[in-house]
2 protein chains.
Amino acid sequence: MKSLVDCIHCYLKQAVSCMEMINVPDEKKVEVLYSLMDFIKTLEPSASPAYNSSLVLLKTYEFINNSDPYYEAKKSSNKLALELYPKLKEKVSRASDALYEALKASVAGNVIDLGIQRDFNIDKELEHAFDFGFWIDDYPLLREKIERGKNVVVIGDNAGEIVFDKILVEILNEIGKSVYYIVKAGPVLNDATKEDAEEVSMSKIANVIESGAALLGIPKDFVSEQVKNLISTADVIISKGQANFETVDDFEDVQANVFYLLKIKCEYLAKKLKFKQGSLVLINGEKLKERKEKYLLK
Amino acid sequence: MKSLVDCIHCYLKQAVSCMEMINVPDEKKVEVLYSLMDFIKTLEPSASPAYNSSLVLLKTYEFINNSDPYYEAKKSSNKLALELYPKLKEKVSRASDALYEALKASVAGNVIDLGIQRDFNIDKELEHAFDFGFWIDDYPLLREKIERGKNVVVIGDNAGEIVFDKILVEILNEIGKSVYYIVKAGPVLNDATKEDAEEVSMSKIANVIESGAALLGIPKDFVSEQVKNLISTADVIISKGQANFETVDDFEDVQANVFYLLKIKCEYLAKKLKFKQGSLVLINGEKLKERKEKYLLK
């Protein structure tokens, strides 16, 4: 998906958030923003927001001389989510359709995103996810595909969120599916890496695979051959969060098997694609493709 | 008030909003944003957000070759507000404390701001203003100052909003006060100018005075001597909206007579000053000064 004009100021906003993570002094923040402005001009406008954001973030890391400013934030997100896990797990297990409730728990985890929004209220978000469910809900189709398939690929998103995804993976295991869980190959924003997967014991219940790139999302040109094969041959792909939402469309041929599970956080993208901002969606790739062709591509 | 680090990306966001007003094509928008990035680097970081925003906006006007991109938006804001006027006026007149209700109507009008937030819901905002009132409420002090004083200066903000201010001015007239209403000397954002004041007949009930500058807020170094004198000698000054909030503190000596009436729209400023974002406030200048000294100045 191509970047929007409004992404440009958001790259800088994200850089400020990033620098606040490690308390960079204001004068230095301004200096870095000015340097980033020159860097932003070198970006390819037709690249995805996720890809361009990644480049701006990694450039920020260079400027502030820190290879993982979100390290502590990721640790505390995992810790917080692990505390919430037992109660959530119980709630999901008790449900008449545990898979459906597990998807809701997983999407609620998507709010734990320190990249753009700096504050979040987990309890409120969980309540909202369970009470209101999905604004677009392709669950019947997903359920059917999962029942017929063997392998499910979950494309992970953030640290913290990965704990909520565990509940989903456990339910998938219980109904006899083997799960591949994709994490980032290196630190970028607060995205889950192999270290997070081990910390929260995701590695014990899923085949944890690194994306092959320390970039947000799954940009086809940059991820490993293994990941490309995995996505191209999976029976079902569950794509978490916005950066994956912006890049998994690179895999055009398999959109029928892709289900995007996320909270629509970006006001501009929401407006362009006629999504309700802040809503939770579980949308099949084909339907998203139609939406993009109708509203986005020109 | 000094600009914040987060103002930097907001200047660009505001420029995008501005260009959307007259449907500048996306390619041109990007070109303008890149040029603005160089311009932003020349700004004085210790200047107020309102002043720096003004310079960025006026530079945007140059780049897009349009001296008043908000012209149509201002017209339609005035029109919309004039339609709401009779019902509101009646509601205020019926109240047991009409002055207090008029201040609420006036602050509700502050939501009509197309500069940063592109969408607004007037009915909801009006309901909120009347039902919840002010999060900080220095009305008793304001009432006392008004009763003791003769001249009230209202520092206006946006087009549309100026209609809601009319109700306030009419109530002030009814209790025997003469009102000076300050508008901008030229088009900047959607701020009210003399043309707006005439269009909505503010000129018939108040002495409408131009600020002396086509700049947001009332930056002391740039407004006319007349306006400086007016503010320095007024018994009561009611300052509407955020740009005035950011600049009227230039007039240090008269803060005891200033009352800031606005909706706190900026999330960063809200966080810095420990205001609840989105809340309506009626705060005396001395109290605001204390708040700034406690949380902002370092």
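**Exercise 1. Packing of two helices**

Describe how helix 1 (residues 7–21) and helix 2 (residues 26–40) of chain A pack in this predicted model.

*Solution.*
Step 1. Two packed helices are characterised by the angle between their axes and by the distance between those axes.
Step 2. For helix 1 and helix 2 of chain A, the angle is about 145° and the axes lie 10 Å apart.
Step 3. On the side of helix 1 of chain A, the contact involves A:I8, A:Y11, A:L12, A:A15, A:V16, A:M19 and A:E20; helix 2 of chain A contributes A:K29, A:V32, A:L33, A:L36, A:M37 and A:I40.
Step 4. Sorted by character, the residues of this contact comprise 11 nonpolar, no polar and 2 charged.
Step 5. The crossing of helix 1 of chain A past helix 2 of chain A is right-handed.

**Exercise 2. Cysteines and disulfides**

Determine how many disulfides the whole structure holds, and examine A:C266 and B:C18.

*Solution.*
Step 1. A disulfide is a covalent bond joining the sulfur atoms of two cysteines. The cut-off for such a pair is within 2.5 Å.
Step 2. For A:C266, the nearest cysteine sulfur belongs to A:C7 and is 6.3 Å away; A:C266 is in no disulfide.
Step 3. For B:C18, the nearest cysteine sulfur is that of B:C10, 13 Å away, and B:C18 is likewise in no disulfide.
Step 4. The search over all chains gives 0 disulfides.
Step 5. B:C18 has a relative accessible area of 0%, so B:C18 is classed as buried.

**Exercise 3. Relation between the chains**

Establish how chain B is related to chain A.

*Solution.*
Step 1. A turn of 180° with a shift of 0.0 Å along the axis lays chain B on chain A, with an RMSD of 0.0 Å.
Step 2. The two copies are therefore related as by a two-fold rotation axis.
Step 3. Within chain B, the residue that comes closest to the rotation axis is B:H9, with its C-alpha at 2.5 Å.
Step 4. Because 100% of the interface residues of chain B are also interface residues in chain A, the copies meet through the same surface.

**Exercise 4. The setting of B:K184**

Where does B:K184 lie, and is B:K184 buried or exposed?

*Solution.*
Step 1. B:K184 is found in the loop between strand 3 (178–183) and helix 9 (194–199) of chain B.
Step 2. The relative accessible area of B:K184 is 2%, so this residue counts as buried.
Step 3. Leaving aside residues up to four places away in sequence, B:K184 touches several residues, including B:G156, B:D191, B:E210, B:G217 and B:N244.
Step 4. B:G217 stands 33 residues from B:K184 along the chain, and their C-alpha atoms are 8.4 Å apart.

Notes. Residues are numbered from 1 along each chain as its sequence is written. Chains are lettered from A and ligands numbered from 1 in the order in which they are written. This is a predicted model: local features need pLDDT of at least 70, side-chain atom pairs count only at pLDDT 80 or more; totals for chains, interfaces and linings use all residues. Side-chain values use heavy atoms; hydrogens and water are left out. Axes are lines fitted to C-alpha atoms, for helices over the stretch in contact, and angles run from 0 to 180 degrees between N-to-C directions. Helices (H or I, at least four residues) and strands (E, at least two) are DSSP runs, numbered from the N terminus. A crossing is left-handed if the near helix is turned anticlockwise from the far one by less than a right angle, and right-handed if clockwise. Contact means heavy atoms within 4.5 Å. Ala, Val, Leu, Ile, Met, Phe, Trp, Tyr, Cys and Pro count as nonpolar, Asp, Glu, Lys and Arg as charged, and the others, Gly among them, as polar. Buried means under 20% relative accessible area, exposed over 50%, partly exposed in between (1.4 Å probe, protein chains only). Copies are superposed by least squares on the C-alpha atoms of residues with pLDDT of at least 70 in both.
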